[in-house]
Amino acid sequence: MNFSIKKIYTTVVLLGVIISSSFISCEDDSEYTSEVQFYKKNQLTNIYTNEIAPLNVNFVEQSELLEQSIKRFQNEITLANLQLVQEQWKAVQLVWKQLELYDLGNVANSFISFEINRWPTDTQRIDENIIGTEVLNTNFIASIGSSSKGISGIEYLIFSSEGKTATLNRFTTDENAVRRLEYLVALSENLKTKSVELKNLWETNEESFTSALENGISGSQNQIINAMVTLIEEIIISKLGSPLGDSNGGTIESERLEAYYSGFSKEILQQHLVALKRCYTGDFAQTPFRVGFDDFLTLIGSENFSNKIITQFSVCQSRLDDIKGTLKEEITSNPEAMTALKDSFRDLLVLVKVDMANVLGSTITFNDNDGD
C-alpha cells in the first residue's frame, strides 16, 4: 500500500472520529478526548511494533555478525578479512543510526546508548589502553568509559586514512599488534552484549511506552518529538556545524565529522533522515491503519502544515543528494553544498520544534545540543 492510499484510508477513519465525536461533544468532550487517545495509542504501538522492535532484532543480528567477522579476522589476519570486518561495521551503523532516534524513557535513563556508541571517540584513551598492562577482555571493556569503546571505538581500530594496508599492519607488524587485536575482539563482544541488553530493555518497557498517552513530558508522544528535535539539532550543530567551523571562526575541521576514519558520515546522515521521516509519517510497515504525526496534524485541521513538513524532508534529501562524494571530501572542495544541507535541516528543525510542537501542544525540554 503506497503513501497516498495510506493517507486516504487513515484520513477517512480520522474524519469519522471527528464527525462522530462532534455529535457527542455538545454533552461531553471526554468522548472526543478518548478517541484522540485511541489514535495516540495506535501511533505508539505502530512505532514500537513496526519500527523499534524490528530495528532491535536487526541490531542484535548485525552486532553478532560483526563479532563473528572480527573473530574470523583474529584467526586469519588478511586484507580480505579486514575488508569483511569493515563492511559489517557499516552494516551495524546503518541499523544503529535509525535505532538511535528512539533513546527514550527508561531506555534513555539507562544510558545504554552511550555504551553502544559514544561520539566523538577518545582515541588517546584507546591507544593508552592498548599499550597498557590490563588484560583486554570483556570485563575490562565493561569497566572503562563509553568514549573508548562501542561502535565508534571499533571504527577507530579498523579504519585508517592511510589505507587498508596500513590498517592491516597495525594488527600484524605493529609493536602492540596482539593487544590491539585483543582490544578489538573485546569491543565486539561487549557491543553484542549491549545490543542484547538494549533489546531486552525495550521488551521490558514496551507496555509503559505504548501506554504513556499523557500530553506532558512523561508522555511517549512528547518524548518522541523531543527525540526528533534533539537529533536534528545534533545534525546541525555537531555533525555539520562543528566540522564546517561554526564554533571556531569558520576554520573547516574535517576530522570533527562523525565516522571520519571510515568516511561513512554521509551514510549516517542518510539513515538519520530516513528514521526521522519514517517516525513522522508512521509508514513503517504495509498495514492499512498506521498513524503518524502527519495524521494527527490532519486530525486537528493542519493538513497543509503537515504537507509542508513532508516537503521539507524532500528538501533535506535533495540537499544530501547534491553531495556526490564523501563528506570528508566535500567539506573542503564543496563546503557550500554542506552548508546548504545544514540549512535545510535548520528549516526542518523550526517546523518540528516550534510549529509542530506548538500545534500538538508538546513541551520541548532543554538538551545539550540546543543552540537556541
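**A walk through a helical chain**

Buried residues, meaning those under 20% relative accessible area (over 50% is exposed, in between is partly exposed, with a 1.4 Å probe and protein chains only), make up 51% of the 372 residues in this chain. The model is predicted, so local features need pLDDT of at least 70 and side-chain atom pairs count only at pLDDT 80 or more, while totals for chains, interfaces and linings use all residues. Residues are numbered from 1 along each chain as its sequence is written, and side-chain values use heavy atoms, with hydrogens and water left out.

Let us begin with the overall picture. The chain has 16 helices and zero strands; helices (H or I, at least four residues) and strands (E, at least two) are DSSP runs, numbered from the N terminus. Contact here means heavy atoms within 4.5 Å. Of the contacts in the chain with a separation of 6 or more, 78% are accounted for by residues 24 or more positions apart.

A good place to stop next is helix α12, residues 265-281. From its first C-alpha to its last, α12 reaches 25 Å with its 17 residues, close to the 24 Å expected at 1.5 Å a residue; the expected span is 1.5 Å times one less than the number of residues. Twelve of the 17 residues of α12 are buried, so this helix is largely enclosed by the rest of the structure. Among the buried ones are Ile268, Leu269, His272, Leu276, Cys279 and Tyr280. Just after α12 comes glycine 282, with a positive phi near 75°.

Which helix does α12 meet? The axes of helix α11 (residues 220-244) and α12 come within 11 Å and cross at roughly 160°. Axes are lines fitted to C-alpha atoms, for helices over the stretch in contact, and angles run from 0 to 180 degrees between N-to-C directions. Angles under 35 degrees count as roughly parallel, over 145 as roughly antiparallel, 65 to 115 as roughly perpendicular and the rest as oblique. The two helices α11 and α12 are therefore roughly antiparallel to each other. On the α11 side, the contact is made by Ile224, Met228, Leu231, Ile232, Ile235, Lys239 and Leu240, and on the α12 side by Ile268, Leu269, His272, Leu276, Cys279 and Tyr280. These residues divide into eleven nonpolar, one polar and one charged. Here Ala, Val, Leu, Ile, Met, Phe, Trp, Tyr, Cys and Pro count as nonpolar, Asp, Glu, Lys and Arg as charged, and the others, Gly among them, as polar.

The loop between α11 and α12 holds glycine 250. Glycine 250 counts as partly exposed, at 46% relative accessibility. Leaving aside neighbours within four places in sequence, glycine 250 is in contact with Leu244 and Gly245.

Now turn to another pair. Helix α6 (residues 123-131) and helix α10 (residues 177-211) have axes that come within 8 Å and cross at roughly 120°, and the two are therefore oblique to each other. Ile126, Asp127, Asn129, Ile130 and Ile131 in α6 meet Arg179, Arg180 and Tyr183 in α10. This contact divides into four nonpolar, one polar and three charged residues.

Helix α10 also contains valine 196, which counts as partly exposed at 33% relative accessibility. Valine 196 and phenylalanine 59 are 137 residues apart in sequence and 8.6 Å apart in space, C-alpha to C-alpha.

Our last stop is serine 302, in the loop between α13 (293-299) and α14 (303-321). Is serine 302 buried or exposed? Serine 302 is buried, with a relative accessible area of 17%. Apart from neighbours within four places in sequence, serine 302 is in contact with Leu297 and Val359.
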